[in-house]
Amino acid sequence: MTAPAPAPSRPRKTPPARATGVRVLRDGLLWTGGAVLLVLSVAVAVTIGPARISVPDVWSTVAAHLGLGESRLTPIRDGIIWNLRMPRTLLAAVCGAGLAVCGTVMQSLLRNPLADPFVLGVSSGASTGAVAVVVLGVGGGAVSVPAGAFLGALCSFALVLLLSHTLGGTTDRVVLSGVAAMQLFSALTSFVVMTAADAEQTRGVLFWLLGSLSGVGWSDVWVCAAVLAVALLVCLGHARTLDAFVFGQEAAASLGVHVGRTRLVLLCTTALLTAALVSSAGAIGFVGLVLPHAARALAGSGHRRLLPVTALAGAVFLVWVDTLARTVLDPQEVPVGVVTALIGVPAFVLVLYRTRRNP
């Protein structure tokens, strides 16, 4: 008489506490790895250029300026690191992180995988403001180009809010209002450049409009980093709300989310951050479109985990894009926006293809 076959064992379910611990450990490793990669990327990127500089030279200079020792480099080499390459590289990291975070928030908030920070017309408004200062002399010399760009971006966003509110305030109306504002301010920029700018002004404006990190200083880094820190805190504070928005406005409202107020707060936050970044670095496209999708593949869709990963990925990405832009045709510099477009367009096509397959 054969013994009965043993009943198939049921798969064990991971205890909630253990699953939470595994998730926390995984997130910690992901964030720590991203932070280490960012620090190493900044240190190595600063060494790349005509002057021979090593990573220990970078550490020595940074430590000396932080009061942790004395620099062993000559004043010229110390100035190249601290006054030229370091602020530029750090601003590239800040801009990459900020644009990627804005793209993540807008794609979730508007439920559009193709949304990016410039869908609200902020970049076009900033371009018009910069052109008004450079070409038309608005402000009589008292207003700088970044300040003019920032004011132009705010005017563009105010127009988007007014149009979307007049048309009903729904998500698709916000997107359409942004497209309208983008076309309007782009036309204004082209009109001013064509009718009032000379050849040298036109060249400078067009180079800036394509995105440029040349000539930035520590003041640009501190201002943009401060705005990024505040915006990231606001977005992280609304992480659970963004998770609800992924399922639609009705689902978010059923969970107790004040849809109109939350959308206004987050749209204003991303618009102000985009305006600050564009005013310092010009219009750098495709970062906010492509990086959120790459970060979701690593971290999932939960925004409390996704936003820091997206910021780190965007920072590392733009550090190396800027390094490539300033060295590939040395001594001539390629606008950063040109390089991001060359990399971003194939990625954009891939996103379109995936959206078509999985509507």
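# A guided tour of the predicted model

The count comes to four salt bridges, where a salt bridge is a side-chain nitrogen of Lys or Arg within 4 Å of a carboxyl oxygen of Asp or Glu. This is a predicted model: local features need pLDDT of at least 70, side-chain atom pairs count only at pLDDT 80 or more, and totals for chains, interfaces and linings use all residues. Residues are numbered from 1 along each chain as its sequence is written, and side-chain values use heavy atoms, leaving out hydrogens and water.

**Stop 1: the whole protein**

Show the cartoon. The protein has 14 helices and zero strands. Both are DSSP runs numbered from the N terminus: helices are H or I with at least four residues, strands are E with at least two. The C-alpha atoms fill a box of roughly 100 × 60 × 35 Å along the principal axes. Of the 359 residues, 45% count as buried. Buried means under 20% relative accessible area, exposed over 50%, and partly exposed in between (1.4 Å probe, protein chains only).

**Stop 2: Asp 57 and Arg 72**

Select Asp 57 and Arg 72. They form a salt bridge, with the closest N and O atoms 3.3 Å apart. Asp 57 lies in helix α2 (residues 55-65) and Arg 72 in the loop between α2 and α3 (75-109), so the pair ties together parts 15 residues apart in sequence. Asp 57 is buried, at 7% relative accessible area. Arg 72 is exposed, at 58%.

**Stop 3: Arg 88 and its two partners**

Now select Arg 88. Its side chain meets that of Asp 322 in a salt bridge of 2.9 Å, N to O. Arg 88 is in helix α3 and Asp 322 in helix α13, so this pair ties together parts 234 residues apart in sequence. Arg 88 is buried, with a relative accessible area of 9%. Asp 322 is buried too, at 1%.

Add Glu 333. Arg 88 also forms a salt bridge with Glu 333, the closest N and O atoms being 2.9 Å apart. Glu 333 sits in the loop between α13 and α14, 245 residues from Arg 88. Glu 333 counts as partly exposed, at 21% relative accessibility.

Back at Asp 57, add Arg 77: salt bridges that share partners join Asp 57, Arg 72 and Arg 77 into one network.

**Stop 4: Thr 128**

Go to helix α4 (residues 122-134), where Thr 128 lies. Thr 128 is buried, at 16% relative accessibility. What joins the side chains of Thr 128 and Thr 189? A polar contact of 2.7 Å does. Such a contact is a pair of N or O atoms within 3.5 Å; within protein, one must be able to donate a hydrogen and the other to accept it, and residues adjacent in sequence count only if both atoms are side-chain atoms.

**Stop 5: the cysteines**

Select Cys 102 and Cys 235. How many disulfides does a search of the whole structure find? Zero. A disulfide is a pair of cysteine sulfur atoms within 2.5 Å. The sulfur of Cys 102 is 7.0 Å from the closest cysteine sulfur, in Cys 235, too far for a bond. Cys 268 is in no disulfide either; the nearest cysteine sulfur, in Cys 235, is 12 Å away. Cys 102 is buried, at 1% relative accessible area. Cys 268 is partly exposed, at 24%.

**Stop 6: helix α14**

Finish at Val 338, in helix α14 (residues 336-357). Val 338 is partly exposed, at 29% relative accessibility. Add Leu 37: the two are 301 residues apart in sequence and 24 Å apart in space, C-alpha to C-alpha.
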